[in-house]
Amino acid sequence: MLSLAVVRMLPVALALTASGLRLPTVAYIGWFGPRSLASVVLGLLSRRSTSPG
C-alpha cells in the first residue's frame with residue numbers, strides 16, 4: 001500500500017522541484033499523474049490482448 005501511495009509520487013515530486021510550481025500543485029500532479037498514465041497503458045494493453053486478429 002505504501003508503494004502505491006507514496007513511492008509513485010516521489011519521482012514526480014523530484015522531477016518537478018525546479019519547476020517553480022507550488023507544493024499543492026506538485027502533490028496533485030504526483031497523485032494523479034502516474035496513476036492516470038498507468039491506467040491508459042493498462043487499458044490499451046487489455047484492449048490489444050482481447051481484440052481479434
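**A tour of a three-helix chain**

Start by selecting Y28: this residue is exposed, with a relative accessible area of 55%. Exposed means over 50% relative accessible area, buried means under 20%, and partly exposed lies in between (1.4 Å probe, protein chains only).

Before moving on, know what you are viewing. This is a predicted model, in which local features need pLDDT of at least 70 and side-chain atom pairs count only at pLDDT 80 or more, while totals for chains, interfaces and linings use all residues. Residues are numbered from 1 along each chain as its sequence is written, and side-chain values use heavy atoms, with hydrogens and water left out.

**The whole chain**

Zoom out. How many helices and strands does the chain have? It has three helices and zero strands. From the N terminus on, the order is α-α-α. Helices (H or I, at least four residues) and strands (E, at least two) are DSSP runs, numbered from the N terminus.

Now show the surface. The chain exposes about 4,500 Å², and carbon and sulfur atoms supply 73% of that area. Accessible areas come from the Shrake-Rupley method with a 1.4 Å probe; for residues, only the protein chains shown count as cover. Of the 53 residues, 11% count as buried.

Next, colour by pLDDT, the predictor's confidence in each residue, from 0 to 100. The chain's mean is 77, and 74% of its residues reach 70 or more. Which elements have the lowest and the highest mean pLDDT? Helix α1 (residues 2–7) has the lowest, at 70, and α2 has the highest, at 85. Where pLDDT is low, the predicted coordinates should not be read in detail.

**Walk along the chain**

Select V7 in helix α1. V7 counts as partly exposed, at 46% relative accessibility. Add G30: its C-alpha lies 10.0 Å from that of V7, with their positions 23 residues apart along the chain.

Move to M9, in the loop between α1 and α2. M9 is partly exposed, at 22% relative accessibility. Then pick A27, 18 residues from M9 in sequence and 7.7 Å away, C-alpha to C-alpha.

Go on to L10 in helix α2 (residues 10–15). L10 is partly exposed as well, at 48% relative accessibility. From L10 to W31, count 21 residues in sequence and 9.7 Å in space, C-alpha to C-alpha.

Now select L16, in the loop between α2 and α3. Which residues does L16 contact, leaving aside neighbours within four places in sequence? They are L21, V26 and I29. Contact means heavy atoms within 4.5 Å. The C-alpha atoms of L16 and I29 are 9.3 Å apart, and the two residues are 13 apart in sequence.

**Last stop: the patch**

Return to Y28, in helix α3 (residues 23–50). Add L21, I29, W31 and F32: with Y28 they form a nonpolar patch on the surface, with about 490 Å² of accessible area together. Patches are made of residues with over 30% relative accessible area and no salt bridge; like charges are joined within 9 Å, nonpolar side chains (Val, Leu, Ile, Met, Phe, Trp, Tyr) within 5 Å. A salt bridge is a side-chain nitrogen of Lys or Arg within 4 Å of a carboxyl oxygen of Asp or Glu.
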